[in-house]
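Reader: I would like to go through this model by question and answer, with the reasoning kept short.

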Amino acid sequence: MDEKTRLDLEEKVVKMLKTVYDPEIPVDVYDLGLIYRIEVKDDYSVELDMTMTAPNCPAADFIIEDVRQKVNSIEEVGQVTVNLVFEPEWNKDMMNEEAKLELGLM
């Protein structure tokens, strides 16, 4: 896979991640800063590292499955692996400015 194809596919993944929301927060998981890593591999599989706003998030299973299904719905994407990680621990500084504004933190 050439670099342009990889970047185009990564852009599609980000766009799709912006459609996944924590049911308790009106901001998508990407803008919240919950996605730590997106890796598009040569075989078109995608591996993501993500976290939750809290380790005991009651919606974690739902959110992870939503991420997996939506990224997997991208035509070019093969297998999708979502790794739930808690290092580094998520904090409000990881949100982008748009998310902070939406949540009244700016």
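Reader: Is Arg 68 buried, partly exposed or exposed?
Author: This is a predicted model, and the values here are computed from it. The relative accessible area of Arg 68 is 29%. Buried means under 20% and exposed means over 50%. Arg 68 therefore falls in between and counts as partly exposed.

Reader: With which residue does Arg 68 form a salt bridge, and how far apart are the closest N and O atoms?
Author: The partner lies in helix α2 (residues 60-72), three residues from Arg 68, so about one helical turn separates the two. The partner is also partly exposed, at a relative accessible area of 30%. It is Glu 65, and the closest N and O atoms are 2.6 Å apart.

Reader: Which residue forms a salt bridge with Lys 70, and is that residue buried or exposed?
Author: The closest N and O atoms of this pair are 3.8 Å apart. Lys 70 and its partner are four residues apart in helix α2, which means a separation of about one helical turn. Lys 70 is partly exposed, with a relative accessible area of 25%. The partner has a relative accessible area of 16%, under the 20% cut-off, so the answer is Asp 66, which is buried.

Reader: Which residues are joined into one network by salt bridges that share partners?
Author: Side chains of opposite charge can pair when their charged atoms come close. Here, salt bridges with shared partners link several residues into one network. Its members are Arg 37, Glu 39, Lys 41, Glu 47 and Asp 49.

Reader: Which residue forms a salt bridge with Glu 3, and how many salt bridges does the whole structure hold?
Author: Glu 3 and its partner both lie in helix α1 (residues 3-17), three residues apart, about one turn of the helix. The partner is Arg 6, with 3.8 Å between the closest N and O atoms. A search of the whole structure gives a total of 11 salt bridges.

Reader: Which residues touch the most other members of the largest nonpolar core, and which element supplies the largest share?
Author: In soluble globular proteins, nonpolar side chains tend to be buried together. The largest nonpolar core here has 31 residues, and Leu 48, Ile 63, Val 67 and Val 71 touch the most other members. At least two residues of this core come from each of α1, β1, β2 (46-50), α2 and β3. The largest share, five residues, is that of α2.

Reader: Which residues does Leu 48 touch, not counting residues up to four places away in sequence?
Author: Leu 48 is among the core residues that touch the most other members. Its contacts beyond four places in sequence include Val 67 and Val 71. The full list is Val 13, Leu 17, Ile 35, Arg 37, Ile 38, Val 67, Val 71, Thr 81, Val 82 and Asn 83.

Reader: Is Asp 31 buried or exposed, and which side chain makes a polar contact with it?
Author: Asp 31 is found in the loop between α1 and β1 (35-40). Its relative accessible area is 3%, under the 20% cut-off, so Asp 31 is buried. Leaving aside neighbours within four places in sequence, Asp 31 is in contact with Lys 18, Met 95, Asn 96, Glu 98 and Ala 99. The polar contact, at 2.7 Å, is with the side chain of Asn 96.

Reader: Where is Glu 89, and is it buried or exposed?
Author: Glu 89 sits in the loop between β3 (80-84) and α3 (97-102). Beyond four places in sequence, Glu 89 touches Tyr 36 and Met 94. Its relative accessibility is 63%, over the 50% cut-off, so Glu 89 counts as exposed.

Reader: Which peptide bond is cis, and what is its omega?
Author: The bond leads into Pro 88, a residue of the loop between β3 and α3. It runs from Glu 87 to Pro 88, with omega near -5°.

Reader: What is the phi of Tyr 44?
Author: Tyr 44 lies in the loop between β1 and β2. At 31% relative accessibility, Tyr 44 counts as partly exposed. Its phi is positive, in a residue other than glycine, and is near 70°.

Reader: In what order do the elements of the protein chain run, and what is its radius of gyration?
Author: The protein chain has three helices and three strands. From the N terminus on, they run α-β-β-α-β-α. The globule rule gives 13 Å for 106 residues, and the chain's value is close to that, so the chain is as compact as a globular protein of that length. The radius of gyration is 14 Å.

Key. Residues are numbered from 1 along each chain as its sequence is written. This is a predicted model: local features need pLDDT of at least 70, side-chain atom pairs count only at pLDDT 80 or more; totals for chains, interfaces and linings use all residues. Side-chain values use heavy atoms; hydrogens and water are left out. A salt bridge is a side-chain nitrogen of Lys or Arg within 4 Å of a carboxyl oxygen of Asp or Glu. Buried means under 20% relative accessible area, exposed over 50%, partly exposed in between (1.4 Å probe, protein chains only). Contact means heavy atoms within 4.5 Å. A polar contact is a pair of N or O atoms within 3.5 Å; within protein, one must be able to donate a hydrogen and the other to accept it, and residues adjacent in sequence count only if both atoms are side-chain atoms. A nonpolar core is a set of buried Ala, Val, Leu, Ile, Met, Phe, Trp, Tyr and Cys residues joined through side-chain atoms within 4.5 Å. The radius of gyration is taken over C-alpha atoms; the globule rule is 2.2 Å times the number of residues to the power 0.38.
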